[in-house]
Amino acid sequence: MSTGVATEQSIQVKPPTPYVVVLLNDDFTPMDFVVNILKIFFHKSEDEATQIMLEVHFKGKGICGTYTKDIAATKVAQVNSYSREHQYPLLCVMEQA
Ligand code: TYC
């Protein structure tokens, strides 16, 4: 039976686990294609995109951004399918941050 008295509730809200979306280097994908990927899918400026692309080119991998699991998975799928459509082997993966 209701008492008519509002009961205080404590709701625990945890921040979502962050995931990084990472681009991997390869010897075949053109540099300007990678820069365009970073501009189109990660909203980077020309300068930021060029810096990230060069980081990947010289160090083997580079971070495109940090997202929730679902958004990171969507970005990975979009980038990999766009690269395959253009017949490039560019690989995009996600890692728990
Ligand atoms: N290494 C490539 C080249 O010399 C460029 C490149 C950069 C490829 C970043 C993939 O994720 C990448 N054309």
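Right after helix H2 comes Gly60, a residue with a positive phi near 100°. H3 has a follower of a similar kind: Gln87, whose phi is positive, near 60°. Keep in mind throughout that this is a predicted model.

## Turns after the helices

Let's stay with Gln87 for a moment. Gln87 is not a glycine, yet its phi is positive at about 60°. You'll find Gln87 in the loop between helix H3 (69-85) and E3. Gln87 counts as exposed because it has 8 C-beta neighbours inside 10 Å.

His43 tells a comparable story. His43 comes just after H1 and takes a positive phi of about 55°, although His43 is not a glycine. His43 sits in the loop between H1 and H2. Is His43 buried or exposed? With 10 other C-beta atoms within 10 Å, His43 is exposed.

## The three helices

Here is how the helix lengths work out.

| Helix | Residues in helix | Distance between end C-alpha atoms | Expected span at 1.5 Å a residue |
|---|---|---|---|
| H1 | twelve residues | 16 Å | 16 Å |
| H2 | 14 residues | 20 Å | 20 Å |
| H3 | 17 residues | 24 Å | 24 Å |

Let's take H3 up first. Its buried residues include Ala72, Val76, Val79 and Ser83. These four cover an arc of only 75° around the axis, so they are on the same side of H3. What do the buried residues of H3 pack against? Their partners are E1, H1, E2 and E3. Turn to the face of H3 that points away from the buried side and you meet the exposed residues Asp70, Ala77, Ser81, Arg84 and Glu85.

One of those exposed residues, Ala77, also gives a handy distance across the model: the C-alpha atoms of Ala77 and Lys14 are separated by 26 Å, with the two residues 63 apart along the chain. Lys14 belongs to the segment before E1. Lys14 is exposed too, because it has 5 other C-beta atoms within 10 Å.

Now for H2. The buried residues here are Ala49, Ile52, Met53 and Val56. They cover an arc of only 100° around the axis, which puts them on the same side of H2. Among the elements that cover these buried residues of H2 are E1, H1 and E2. Over on the other side of H2, Asp47, Phe58 and Lys59 are exposed.

H1 follows a similar plan. In H1, the buried residues are Val34, Val35, Ile37 and Leu38. Their arc around the axis is only 155°, so they are on the same side of H1. These buried residues of H1 pack against E1, H2, E2 and H3.

## Strand E1 and its neighbours

E1 turns up as a packing partner for the buried residues of H1, and likewise for those of H3. Which way do the side chains along E1 point? They alternate: Tyr19, Val21 and Leu23 point to one face and are buried, whereas Val20, Val22 and Leu24 point to the other face and are not buried. That fits the general pattern, because in a regular strand the side chains alternate between the two faces of the sheet.

E1 has a strand partner in E2 (residues 61-67), with six bridges joining the two in an antiparallel arrangement. For a landmark, look at Val21 in E1, whose bridge partner in E2 is Gly65. E1 also pairs with E3 (residues 91-96), again antiparallel and over six bridges. In that pairing, Leu24 stands opposite Leu91 of E3.

## Around the ligand

How many residues surround the ligand? There are 13, and the closest are Leu23, Thr29, Val34, Val56 and His57. Some of these names have come up already: Leu23 is on the buried face of E1, Val34 is a buried residue of H1, and Val56 is a buried residue of H2.

Strand E1 (19-24), helix H1 (31-42) and helix H2 (46-59) each put at least two residues into the shell. H2 gives the most, with three residues. Sorted by class, the shell around the ligand is made of eight nonpolar, three polar and two charged residues.

Terms used. Residues numbered from 1 in each chain as written. Predicted model: local features only at pLDDT ≥ 70, side-chain atom pairs only at ≥ 80, totals over all residues. Near = placed C-beta within 6 Å. Nonpolar A, V, L, I, M, F, W, Y, C, P; charged D, E, K, R; others polar. Buried ≥ 20, exposed ≤ 12 C-beta atoms within 10 Å, placed from the backbone. Pairing = 2+ DSSP bridges. Expected span 1.5 Å × (residues − 1). Arc of directions from axis to C-beta. Contact = placed C-beta atoms within 7 Å.
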